[in-house]
Amino acid sequence: MTPFTLRHLEYGFDNICRQIMHPEDVCAAAEPIMQEIGVAEVVDITHLDRLGIPVWAAIRPRAPPGSKPVHTGAGMTAAYAKSAAMLEAVERFSGEYRGRVFNIASYEQIGLTRAVDPHDLILPRTLEVGEQLQWCTAWDLLNNAECQIPANAVYYPYDPMSMAAQLFRSDANGLAAGYEPEEALLRGMLEVIENDAMSVAHQEGSFPVRLTFDDGSPVADICEILAGEGIDVHLWLIPGKTGVPTVAAAADDTIARDPFMVITGSATDLNPECAAEKALLSIICNRAGHLHAKESGVVKIRHGMIEKAGYERYKRINKIWFAEAGALPVEDVPDLSSRYVDEDIRTVLSAVDPHADRVCAVDLTKTALPASRVIIPGFEVSYLDPSRTKSIAPNPYTEQYY
């Protein structure tokens with residue numbers, strides 16, 4: 001495998017949510033790819049919600065079972081929202097298995113020093129000694145070396161087709177696309193840190209502190225739009241083990257009083273204001289996505305617990321999002337970001353280093369836009385999959401080899 005070399009890349013679109021290229025340039029690069037990846041249409045769904053904040057959807061009707069057929073993006077401009085929706089479609093397409101030949105072997109056969117210990121991925125069960133798995137080659141960014149990692153942690157959706165064992169239900173954590181490989185890599189790393197921080201906070205049953213913003217800031221402007229439509233917004237700072245800011249956001253639509261409109265979101269970024277804006281945009285995205293699914297029938301509306309609980313009970317179930325807590329001005333949260341993507345990647349790696357032995361990256365690029373999957377063994381994932389907590393699956397190798 002070719003070592004991953006970081007190029008010195010400056011953020012060219014310097015708004016609060018920094019990125020290398022202007023959203024219109026990202027759209028121009030992504031549009032020719034849409035047909036190639038099975039996107040039938042890219043549509044403006046802003047009108048479905050009363051907020052007026054741009055939301056676009058890229059619809060991929062023939063997405064494989066287990067994958068999303070509708071990819072949404074939100075932003076303060078139409079180009080930003082449209083580019084975000086198309087990048088998510090590229091990301092998910094790139095993360096799907098496309099006939100790659102895997103090495104099938106047990107952890108013992110691969111070698112304990114060459115391979116990621118599957119138990120470090122936090123399994124819902126104990127792996128049997130000698131159990132056959134499918135393996136991918138990854139690049140370990142912390143140790144600057146090649147390593148082997150179970151394919152179950154790389155591809156989404158993942159189906160070993162009875163040729164090997166499945167370790168856990170696959171997910172898209174750490175899967176990202178960007179205009180350049182470095183951008184995709186950074187986005188994937190931040191998502192893994194986000195879900196680790198959210199997992200720990202949920203396990204502890206509380207969020208530490210509310211985050212406040214001065215009037216006139218971009219985040220305050222979004223909150224004002226939501227408040228004007230009867231939507232209460234709650235913003236929380238979740239420092240996590242790395243100290244890279246994660247912001248959790250909850251929106252309570254007091255007008256609709258619909259449990260499906262009690263929506264939460266989160267995001268991680270070296271810049272705490274950027275993390276907050278992205279968390280709010282994920283909420284706006286999810287609102288419009290729900291309304292689009294309800295109107296179009298492209299996606300079957302999820303019933304079950306949310307519908308049965310009703311509005312008030314569902315809020316009680318998610319009470320940690322609405323609890324009272326002390327407030328912290330965003331100005332008091334260190335901004336760790338720089339003007340360069342590679343410098344931000346190195347800052348993130350330095351923050352992760354004390355808490356992980358490896359940071360694994362797999363190049364999944366299948367189109368003109370790069371995509372990658374980042375896995376940080378040992379980082380928590382229970383926020384996405386409650387069956388995967390560190391207490392469930394003991395490691396049979398601990399006594400034998402360590």
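# Worked exercises: cores, rings and a cavity

With 27% relative accessibility, N15 counts as partly exposed; that label covers everything between buried (under 20% relative accessible area) and exposed (over 50%), using a 1.4 Å probe on protein chains only. Keep in mind that this is a predicted model, where local features need pLDDT of at least 70, side-chain atom pairs count only at pLDDT 80 or more, and totals for chains, interfaces and linings use all residues. Residues are numbered from 1 along each chain as its sequence is written, and side-chain values use heavy atoms, with hydrogens and water left out.

**Exercise 1. Place N15, then work out how far N15 and V154 are apart in sequence and in space.**

Step 1: find N15 in the segment before α1 (23-30). Helices (H or I, at least four residues) and strands (E, at least two) are DSSP runs numbered from the N terminus.

Step 2: compare the two separations. N15 and V154 are 139 residues apart in sequence, and their C-alpha atoms are 31 Å apart in space.

**Exercise 2. Describe the largest nonpolar core and say which element gives the largest share of it.**

Step 1: pin down the term. A nonpolar core is a set of buried Ala, Val, Leu, Ile, Met, Phe, Trp, Tyr and Cys residues joined through side-chain atoms within 4.5 Å.

Step 2: pick out the hubs. The largest core has 42 residues, and L211, F213, L235, L280 and I284 make the most contacts inside it.

Step 3: see where its residues come from. Elements giving two or more residues include the strands β8 (209-212), β9 (231-238) and β10 (246-253), along with the helices α5 (218-228) and α6 (272-296). The largest share, 10 residues, belongs to α6.

Step 4: zoom in on one hub. Leaving aside residues up to four places away in sequence, L235 touches V209, R210, L211, F213, V219, C223, V247, A248, A249 and L280, where contact means heavy atoms within 4.5 Å.

Step 5: look elsewhere too. There's a second, separate core of 30 residues, with A105, L123, C147 and L167 among them.

**Exercise 3. Take the ring pairs Y97–Y155 and Y107–W135 and decide: stacked or edge-to-face?**

Step 1: set the rules. Rings of Phe, Tyr and Trp (its six-membered ring) pair if their centres lie within 6.5 Å; planes under 30 degrees apart are stacked, over 60 edge-to-face, and the rest tilted. The structure holds six such pairs.

Step 2: try Y97 and Y155. Their centres are 6.1 Å apart and their planes stand at 90°, so this pair is edge-to-face. Y97 sits in the loop between α2 (78-94) and β4 (103-105) and Y155 in the loop between β6 (145-150) and β7 (175-177), so the pair ties together parts 58 residues apart in sequence. Y97 is partly exposed at 31%, while Y155 is buried at 3%. Ring pairs also link Y97, F102 and Y155 into a cluster.

Step 3: try Y107 and W135. Here the centres are 6.5 Å apart with the planes at 20°, so the pair is stacked. Y107 belongs to helix α3 (residues 107-110) and W135 to strand β5 (residues 133-140), so the pair joins parts 28 residues apart in sequence. Y107 is buried, at 2%, and W135 is buried at 2%.

**Exercise 4. Find the largest cavity and sort the residues of its lining into nonpolar, polar and charged.**

Step 1: search. On a 1 Å grid over the protein atoms alone, a cavity is a set of points where a 1.4 Å probe fits but cannot get out, and lining residues have an atom within 4 Å of a point. Points are joined across faces, edges and corners, and the volume is the space filled by probe spheres set on them. One cavity of 30 Å³ or more turns up in the whole structure; the largest has a volume of about 170 Å³.

Step 2: list the neighbours. It has 16 lining residues, and L121, N173, I375, V381 and R388 are the closest to its centre. Strand β14 (residues 371-375) gives the largest share of the lining, three residues.

Step 3: sort. The lining divides into 10 nonpolar, two polar and four charged residues. In this count Ala, Val, Leu, Ile, Met, Phe, Trp, Tyr, Cys and Pro are nonpolar, Asp, Glu, Lys and Arg charged, and the others, Gly among them, polar.

**Exercise 5. Check the backbone at P157, I122 and R257.**

Step 1: the peptide bond from Y156 to P157 is cis, with omega near -5°, and P157 is in the loop between β6 and β7.

Step 2: I122 has phi near 65°, a positive value in a residue other than glycine. I122 lies in the loop between α3 and β5 and is buried at 3%.

Step 3: R257 also has a positive phi, near 50°. R257 is in the loop between β10 and β11 and is partly exposed at 43%.

Terms used. On a 1 Å grid over the protein atoms alone, a cavity is a set of points where a 1.4 Å probe fits but cannot get out, and a pocket is an open set with protein on both sides within 12 Å along at least five of seven lines; lining residues have an atom within 4 Å of a point.
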